[in-house]
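User: Please take a close look at one part of this model: the pairing of its strands. Keep it brisk, and add whatever helps me place that part in the rest of the chain.

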Amino acid sequence: MQLVDIGANLTHPAFHGDLPEVLARARAAGVQKIVVTGTSVPESTQALKVSNAHPDMVHATAGVHPHHARECDDTTIPALRVLAQQARVVAIGECGLDFNRNYSPHPDQEKWFAAQVALACELRKPLFLHSRDSKEKFVEVLKQFKNRPPAVAHCFTGDKAELQAYLDLGLYIGITGWICDERRGAHLLELVRDIPADRLMLETDSPYLTPRDLRPQPKARRNEPAHLPHMQRKRRATHGRFSACHEYRPAPAAERPAPARSTGHCRGQ
Ligand SMILES: [Zn+2]
(Lines give C-alpha, C1' and ligand atoms only; values in the text may rest on other atoms or scores of the structure.)
Protein backbone atom coordinates (compact mmCIF):
# COMPACT_ATOMS: atom_id res chain seq x y z
CA MET A 1 0.00 0.00 0.00
CA GLN A 2 1.27 3.46 -0.90
CA LEU A 3 1.35 5.99 1.91
CA VAL A 4 0.29 9.38 0.55
CA ASP A 5 0.01 12.67 2.40
CA ILE A 6 -2.90 14.14 0.45
CA GLY A 7 -2.62 17.60 2.01
CA ALA A 8 0.58 19.40 2.95
CA ASN A 9 1.17 23.15 2.73
CA LEU A 10 4.79 22.88 1.66
CA THR A 11 4.78 26.37 0.12
CA HIS A 12 4.41 27.76 3.65
CA PRO A 13 7.39 29.89 4.79
CA ALA A 14 8.01 27.33 7.56
CA PHE A 15 9.48 25.06 4.85
CA HIS A 16 11.53 27.62 2.93
CA GLY A 17 14.77 26.75 4.69
CA ASP A 18 14.90 22.97 4.57
CA LEU A 19 12.40 21.45 2.13
CA PRO A 20 14.85 18.82 0.75
CA GLU A 21 15.46 17.57 4.29
CA VAL A 22 11.71 17.55 5.02
CA LEU A 23 11.11 15.42 1.91
CA ALA A 24 14.00 13.09 2.77
CA ARG A 25 12.58 12.54 6.26
CA ALA A 26 9.15 11.82 4.79
CA ARG A 27 10.63 9.28 2.38
CA ALA A 28 12.62 7.64 5.18
CA ALA A 29 9.41 7.41 7.23
CA GLY A 30 7.67 5.53 4.40
CA VAL A 31 5.68 8.36 2.80
CA GLN A 32 5.83 7.80 -0.96
CA LYS A 33 3.81 10.75 -2.27
CA ILE A 34 2.85 14.20 -1.05
CA VAL A 35 0.19 16.47 -2.53
CA VAL A 36 0.97 20.15 -1.94
CA THR A 37 -2.13 22.25 -1.35
CA GLY A 38 -2.77 25.33 -3.51
CA THR A 39 -4.91 27.96 -1.78
CA SER A 40 -4.83 30.83 -4.29
CA VAL A 41 -3.59 31.33 -7.84
CA PRO A 42 -0.10 32.47 -6.69
CA GLU A 43 0.09 29.69 -4.08
CA SER A 44 -1.07 27.10 -6.60
CA THR A 45 1.63 28.32 -8.98
CA GLN A 46 4.17 27.85 -6.18
CA ALA A 47 2.76 24.40 -5.35
CA LEU A 48 3.28 23.35 -8.97
CA LYS A 49 6.85 24.70 -8.84
CA VAL A 50 7.58 22.58 -5.76
CA SER A 51 6.06 19.60 -7.55
CA ASN A 52 8.14 20.16 -10.68
CA ALA A 53 11.28 20.45 -8.56
CA HIS A 54 10.58 17.09 -6.87
CA PRO A 55 8.77 15.08 -9.56
CA ASP A 56 9.48 11.71 -7.96
CA MET A 57 7.48 12.51 -4.86
CA VAL A 58 5.43 15.71 -4.97
CA HIS A 59 2.16 16.57 -6.71
CA ALA A 60 0.10 19.74 -6.42
CA THR A 61 -3.47 21.02 -6.35
CA ALA A 62 -4.72 24.21 -8.00
CA GLY A 63 -7.50 26.17 -6.39
CA VAL A 64 -8.69 29.09 -4.29
CA HIS A 65 -9.48 28.59 -0.60
CA PRO A 66 -12.80 30.11 0.55
CA HIS A 67 -10.84 32.59 2.70
CA HIS A 68 -9.57 34.08 -0.58
CA ALA A 69 -12.88 34.02 -2.47
CA ARG A 70 -13.21 37.79 -2.24
CA GLU A 71 -9.99 38.18 -4.24
CA CYS A 72 -11.33 36.18 -7.21
CA ASP A 73 -12.19 37.85 -10.51
CA ASP A 74 -12.62 37.01 -14.19
CA THR A 75 -8.98 35.93 -14.47
CA THR A 76 -9.17 33.34 -11.68
CA ILE A 77 -10.77 30.35 -13.38
CA PRO A 78 -8.73 30.75 -16.63
CA ALA A 79 -5.54 30.87 -14.52
CA LEU A 80 -6.58 27.77 -12.55
CA ARG A 81 -7.47 26.03 -15.82
CA VAL A 82 -3.95 26.57 -17.18
CA LEU A 83 -2.39 25.27 -13.95
CA ALA A 84 -4.77 22.32 -13.65
CA GLN A 85 -4.02 21.11 -17.16
CA GLN A 86 -0.51 20.26 -16.01
CA ALA A 87 -0.18 16.55 -15.35
CA ARG A 88 1.43 17.12 -11.96
CA VAL A 89 -1.68 18.95 -10.72
CA VAL A 90 -3.82 16.11 -9.43
CA ALA A 91 -6.84 18.00 -8.04
CA ILE A 92 -8.81 21.23 -8.09
CA GLY A 93 -8.74 22.89 -4.68
CA GLU A 94 -8.44 23.68 -1.95
CA CYS A 95 -11.92 25.06 -2.53
CA GLY A 96 -15.16 25.06 -0.59
CA LEU A 97 -16.91 27.08 2.09
CA ASP A 98 -15.82 28.43 5.47
CA PHE A 99 -18.66 30.01 7.44
CA ASN A 100 -16.62 29.94 10.63
CA ARG A 101 -13.99 32.57 10.00
CA ASN A 102 -15.91 34.38 7.27
CA TYR A 103 -12.86 36.03 5.72
CA SER A 104 -14.90 36.30 2.50
CA PRO A 105 -18.62 37.10 2.14
CA HIS A 106 -20.81 34.00 1.75
CA PRO A 107 -22.06 34.90 -1.76
CA ASP A 108 -18.44 35.20 -2.96
CA GLN A 109 -17.55 31.89 -1.34
CA GLU A 110 -20.51 30.12 -2.94
CA LYS A 111 -19.90 31.61 -6.38
CA TRP A 112 -16.23 30.66 -6.56
CA PHE A 113 -16.73 27.27 -4.95
CA ALA A 114 -19.32 26.39 -7.62
CA ALA A 115 -17.04 27.76 -10.34
CA GLN A 116 -14.20 25.50 -9.20
CA VAL A 117 -16.45 22.44 -9.01
CA ALA A 118 -17.52 23.25 -12.58
CA LEU A 119 -13.85 23.47 -13.59
CA ALA A 120 -13.17 20.07 -12.02
CA CYS A 121 -16.10 18.61 -13.98
CA GLU A 122 -14.79 20.19 -17.18
CA LEU A 123 -11.23 18.90 -16.72
CA ARG A 124 -12.24 15.61 -15.06
CA LYS A 125 -9.88 16.30 -12.16
CA PRO A 126 -10.67 15.29 -8.55
CA LEU A 127 -11.62 17.94 -5.96
CA PHE A 128 -9.85 18.79 -2.72
CA LEU A 129 -12.59 20.34 -0.58
CA HIS A 130 -12.78 22.49 2.53
CA SER A 131 -15.97 22.84 4.58
CA ARG A 132 -16.30 24.43 7.98
CA ASP A 133 -19.61 25.27 9.65
CA SER A 134 -21.18 25.21 6.20
CA LYS A 135 -22.52 21.68 5.75
CA GLU A 136 -25.95 22.52 4.27
CA LYS A 137 -24.74 24.96 1.62
CA PHE A 138 -21.67 22.79 0.89
CA VAL A 139 -23.89 19.78 0.17
CA GLU A 140 -26.31 21.95 -1.83
CA VAL A 141 -23.55 23.23 -4.13
CA LEU A 142 -22.05 19.78 -4.71
CA LYS A 143 -25.47 18.28 -5.48
CA GLN A 144 -25.85 20.69 -8.41
CA PHE A 145 -23.13 18.78 -10.26
CA LYS A 146 -24.36 15.36 -11.29
CA ASN A 147 -21.25 14.23 -13.13
CA ARG A 148 -18.75 15.34 -10.52
CA PRO A 149 -15.29 13.70 -10.37
CA PRO A 150 -14.13 12.05 -7.11
CA ALA A 151 -13.74 14.51 -4.23
CA VAL A 152 -12.26 14.51 -0.75
CA ALA A 153 -13.56 16.55 2.20
CA HIS A 154 -10.17 17.43 3.63
CA CYS A 155 -9.47 17.97 7.33
CA PHE A 156 -12.80 16.53 8.41
CA THR A 157 -13.65 17.57 11.99
CA GLY A 158 -17.45 17.44 11.87
CA ASP A 159 -20.05 15.31 13.65
CA LYS A 160 -21.72 12.04 12.77
CA ALA A 161 -24.53 13.65 10.73
CA GLU A 162 -22.02 15.66 8.69
CA LEU A 163 -19.91 12.56 8.08
CA GLN A 164 -22.95 10.62 6.91
CA ALA A 165 -24.01 13.45 4.58
CA TYR A 166 -20.58 13.47 2.98
CA LEU A 167 -20.40 9.68 2.67
CA ASP A 168 -23.87 9.74 1.06
CA LEU A 169 -22.50 12.22 -1.47
CA GLY A 170 -19.74 9.75 -2.29
CA LEU A 171 -17.00 11.92 -0.81
CA TYR A 172 -13.70 10.63 0.48
CA ILE A 173 -12.88 11.82 3.99
CA GLY A 174 -9.51 13.41 4.85
CA ILE A 175 -8.36 12.81 8.40
CA THR A 176 -5.61 14.86 10.03
CA GLY A 177 -3.69 14.87 13.31
CA TRP A 178 -6.92 15.91 15.05
CA ILE A 179 -7.34 12.22 15.85
CA CYS A 180 -4.19 12.55 17.97
CA ASP A 181 -5.76 15.29 20.11
CA GLU A 182 -7.25 13.62 23.17
CA ARG A 183 -9.36 16.69 23.99
CA ARG A 184 -10.76 18.10 20.73
CA GLY A 185 -10.28 15.00 18.61
CA ALA A 186 -11.92 12.39 20.86
CA HIS A 187 -15.23 12.44 18.96
CA LEU A 188 -13.37 12.21 15.67
CA LEU A 189 -11.37 9.22 16.82
CA GLU A 190 -14.69 7.45 17.42
CA LEU A 191 -16.17 8.60 14.11
CA VAL A 192 -13.19 7.28 12.18
CA ARG A 193 -14.66 3.81 12.81
CA ASP A 194 -17.64 4.78 10.65
CA ILE A 195 -15.53 5.72 7.64
CA PRO A 196 -15.16 2.80 5.23
CA ALA A 197 -11.45 2.06 4.76
CA ASP A 198 -11.71 2.75 1.03
CA ARG A 199 -13.10 6.23 1.70
CA LEU A 200 -10.55 7.33 4.28
CA MET A 201 -7.53 9.41 3.36
CA LEU A 202 -4.75 10.71 5.58
CA GLU A 203 -3.19 14.14 5.48
CA THR A 204 -0.89 16.07 7.76
CA ASP A 205 -2.03 19.61 6.78
CA SER A 206 1.62 20.53 7.50
CA PRO A 207 2.86 22.80 8.98
CA TYR A 208 -0.41 22.95 10.95
CA LEU A 209 -2.04 20.35 13.19
CA THR A 210 1.05 18.76 14.69
CA PRO A 211 -0.13 15.55 16.41
CA ARG A 212 -0.37 16.46 20.09
CA ASP A 213 0.78 13.04 21.21
CA LEU A 214 3.96 13.06 19.14
CA ARG A 215 7.05 12.58 21.34
CA PRO A 216 9.29 14.43 21.23
CA GLN A 217 7.33 17.39 19.90
CA PRO A 218 9.09 18.87 16.84
CA LYS A 219 10.97 22.15 16.97
CA ALA A 220 8.64 25.16 16.83
CA ARG A 221 5.87 22.56 16.76
CA ARG A 222 6.01 22.44 12.98
CA ASN A 223 4.14 19.53 11.46
CA GLU A 224 5.65 17.77 8.44
CA PRO A 225 4.78 14.83 6.16
CA ALA A 226 7.16 12.49 8.02
CA HIS A 227 4.55 12.46 10.82
CA LEU A 228 1.95 10.77 8.61
CA PRO A 229 2.83 7.19 9.69
CA HIS A 230 2.28 8.26 13.30
CA MET A 231 -1.30 9.21 12.39
CA GLN A 232 -1.74 5.99 10.47
CA ARG A 233 -0.71 3.98 13.54
CA LYS A 234 -3.15 5.99 15.64
CA ARG A 235 -6.00 5.21 13.27
CA ARG A 236 -5.13 1.53 13.18
CA ALA A 237 -4.91 1.35 16.97
CA THR A 238 -8.31 3.02 17.22
CA HIS A 239 -9.95 0.59 14.85
CA GLY A 240 -8.46 -2.25 16.85
CA ARG A 241 -9.52 -0.90 20.20
CA PHE A 242 -13.13 -0.54 19.14
CA SER A 243 -13.68 -3.26 16.58
CA ALA A 244 -10.84 -5.78 16.90
CA CYS A 245 -9.83 -4.88 13.36
CA HIS A 246 -7.06 -7.09 12.03
CA GLU A 247 -4.86 -4.04 11.67
CA TYR A 248 -4.69 -3.63 15.44
CA ARG A 249 -1.29 -3.04 16.93
CA PRO A 250 -0.91 -1.79 20.48
CA ALA A 251 0.27 1.81 20.41
CA PRO A 252 3.79 2.23 21.73
CA ALA A 253 4.24 4.36 24.81
CA ALA A 254 5.13 7.36 22.67
CA GLU A 255 1.61 7.40 21.25
CA ARG A 256 -0.37 7.34 24.46
CA PRO A 257 -2.27 10.53 25.30
CA ALA A 258 -0.04 13.16 26.81
CA PRO A 259 -0.70 16.27 28.91
CA ALA A 260 -2.61 19.08 27.23
CA ARG A 261 -0.83 21.53 24.96
CA SER A 262 -2.46 23.76 22.44
CA THR A 263 -2.46 22.83 18.77
CA GLY A 264 -3.32 24.58 15.53
CA HIS A 265 -6.36 24.24 13.37
CA CYS A 266 -7.05 23.52 9.76
CA ARG A 267 -5.97 26.60 7.81
CA GLY A 268 -5.61 28.32 11.14
CA GLN A 269 -4.31 31.60 9.78
ZN1 LIG B 1 -8.96 23.42 4.76
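Analyst: The protein chain has eight helices and eight strands. Both are DSSP runs numbered from the N terminus: helices are H or I over at least four residues, strands are E over at least two. This is a predicted model, in which local features need pLDDT of at least 70, side-chain atom pairs count only at pLDDT 80 or more, and totals for chains, interfaces and linings use all residues. Residues are numbered from 1 along each chain as its sequence is written.

Start with the sheet. It is open, has eight strands in the order 1-2-3-4-5-6-7-8, and pairs in the parallel sense. Two strands pair if DSSP finds at least two bridges between them. Strand 1 (4-8) and strand 8 (200-202) are the edges; each has a single partner strand, so one side of each lacks a neighbour in the sheet. From one strand to the next, the twist averages 30°. Such angles run from 0 to 180 degrees between N-to-C directions, with axes fitted as lines to C-alpha atoms and, for helices, over the stretch in contact.

Now walk along the sheet. Strand 1 and strand 2 (residues 33-36) run parallel, joined by three bridges. Here aspartate 5 has isoleucine 34 of strand 2 as its bridge partner. Between these strands the chain passes through helix 1 (residues 19-28) in a right-handed β-α-β crossover. Right-handed means that, with the strands pointing away from the viewer, the path from the first strand over the helix to the second runs clockwise.

Strand 2 also pairs in parallel with strand 3 (residues 58-62), over three bridges. Valine 36 is opposite alanine 60 of strand 3. The connection from strand 2 to strand 3 runs through helix 2, and this crossover is right-handed.

Helix 2 (residues 41-53) has a helix partner. Its axis and that of helix 3 (residues 76-84) come within 10 Å and cross at roughly 5°. Helix 2 is therefore roughly parallel to helix 3; angles under 35 degrees count as roughly parallel, over 145 as roughly antiparallel, 65 to 115 as roughly perpendicular and the rest as oblique. Helix 2 contributes Val41, Ser44, Thr45 and Leu48 to the contact, and helix 3 contributes Thr76, Ala79, Leu80 and Leu83. Contact here means C-beta atoms, placed from the backbone, within 7 Å.

Next comes strand 5 with its two neighbours. Strand 4 (residues 89-98) pairs with strand 5 in the parallel sense over six bridges. Leucine 97 has serine 131 of strand 5 as its bridge partner. Strand 4, helix 4 (residues 106-123) and strand 5 form a right-handed β-α-β unit. Helix 4 lies across strands 4 and 5, at about 155° to strand 4.

On its other pairing, strand 5 joins strand 6 (residues 151-153) in the parallel sense over three bridges. Leucine 127 is opposite alanine 151 of strand 6. Helix 5 (residues 135-143) carries the chain from strand 5 to strand 6, again by a right-handed β-α-β crossover.

How enclosed is strand 5 (residues 127-132)? Five of its six residues are buried, so the rest of the structure largely encloses it. Buried means 20 or more other C-beta atoms within 10 Å of a residue's own, exposed 12 or fewer, and partly exposed in between, with C-beta atoms placed from the backbone. Over the protein chain, 45% of the 269 residues count as buried.

At the far edge, strand 7 (residues 172-175) pairs in parallel with strand 8 over three bridges. Glycine 174 is opposite methionine 201 of strand 8.

A few backbone details deserve a check. Most residues other than glycine have a negative phi, and most peptide bonds are trans. Glutamate 94 belongs to strand 4, and the peptide bond leading to it from glycine 93 is cis, with omega near 10°. The bond from serine 206 to proline 207 is also cis, with omega near 5°. Proline 207 sits in the loop between strand 8 and helix 8 (228-243). Aspartate 205 is in the loop between strand 8 and helix 8 too, and has a positive phi of about 55°. With 25 C-beta neighbours inside 10 Å, aspartate 205 is buried. Alanine 220 also lies in the loop between strand 8 and helix 8, with a positive phi near 60°. Alanine 220 is exposed, with 8 other C-beta atoms within 10 Å.

Terms used:
Two residues are in contact if their C-beta atoms, placed from the backbone, lie within 7 Å.
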